[in-house]
Amino acid sequence: MSLDRRLHEESDGFEAAALFMAGEPGCAERTLAAHRREENGSTCAGCRRSPEHPCFLAKVALRALELLAAESTTRGARL
Ligand SMILES: [Zn+2]
């Protein structure tokens, strides 16, 4: 099933956010670049308020990259 199709059928908010991010080229990479670990080692440089890292958005971005990697593997296998 395509990521776009899964987005429309996904009821879990976290997974839906990851699918949405996976569908936007470069979005997960940009999010991870902004929401990196701060030099103090625990908080997020992007949200600052997040008490720990990875923050929610960084977790969504990591999941989006996982989905993209899985999809490209599947697509590669089909070719
Ligand atoms: Zn963050």
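## A tour that starts at Gly23

Select Gly23 and show its surroundings: setting aside residues up to four places away in sequence, Gly23 is in contact with Leu3, Asp4 and Leu7. Keep in mind as you go that you are looking at a predicted model. Gly23 belongs to helix α2, and it counts as partly exposed because it has 16 C-beta neighbours inside 10 Å. Now draw a distance from Gly23 to Cys55: the two are 32 residues apart in sequence, and their C-alpha atoms are 20 Å apart in space.

**Zoom out**

Before going further, switch to a cartoon view of the whole protein chain. You should find 4 helices and 0 strands, in the order α-α-α-α from the N terminus on. Along the principal axes, the C-alpha atoms fill a box of roughly 45 × 25 × 15 Å. If you colour by burial, buried residues come to 16% of the 79 residues. Of the contacts between residues at least 6 apart in sequence, 35% join residues at least 24 apart.

**Along helix α2**

Next, select residues 13-23, which form helix α2. Which residues are buried here? Ala18, Leu19, Met21 and Ala22 are buried in α2. They lie on the same side of the helix, because they cover an arc of only 165° around its axis. A reminder helps when you look down that axis: an α-helix has 3.6 residues a turn, so residues three or four places apart point the same way.

Glu15 is another stop in α2. Is Glu15 buried or partly exposed? With 15 C-beta neighbours inside 10 Å, Glu15 counts as partly exposed. For a longer view, measure from Glu15 to Leu57: they are 42 residues apart along the chain, with 12 Å between their C-alpha atoms.

**Into the core**

Show side chains for Ala18, Leu19, Met21, Ala22, Ala28, Cys44, Cys55, Ala58, Val60, Ala61 and Ala64. Together these 11 residues make up the largest nonpolar core. Helix α2 and helix α4 (56-78) each supply at least two residues of this core.

Stay with one core member, Cys55. Leaving out neighbours within four places in sequence, Cys55 is in contact with His35, Cys44, Gly46, Cys47 and Ser50. Cys44, one of these partners, is itself a member of the core.

**The cis bond before Pro54**

Step back to Pro54, in the loop between α3 (27-34) and α4. Check the backbone here: the peptide bond from His53 to Pro54 is cis, with omega near 5°. For comparison, most peptide bonds are trans.

What does Pro54 touch, not counting residues up to four places away in sequence? Lys59 and Leu62 are the residues to highlight. Pro54 is partly exposed, since 16 other C-beta atoms lie within 10 Å. Try one more distance from this spot, to Leu32: the pair is 22 residues apart along the chain, and the C-alpha atoms are separated by 9.2 Å.

**Last stop: Glu24**

Finish at Glu24, in the loop between α2 and α3. With 11 C-beta neighbours inside 10 Å, Glu24 counts as exposed. How far is Glu24 from Glu52, C-alpha to C-alpha? The separation is 26 Å, for residues 28 apart along the chain.

How values were computed. Residues numbered from 1 in each chain as written. Predicted model: local features only at pLDDT ≥ 70, side-chain atom pairs only at ≥ 80, totals over all residues. Buried ≥ 20, exposed ≤ 12 C-beta atoms within 10 Å, placed from the backbone. Contact = placed C-beta atoms within 7 Å. Core = buried A, V, L, I, M, F, W, Y, C linked by C-beta atoms within 7 Å. Arc of directions from axis to C-beta.
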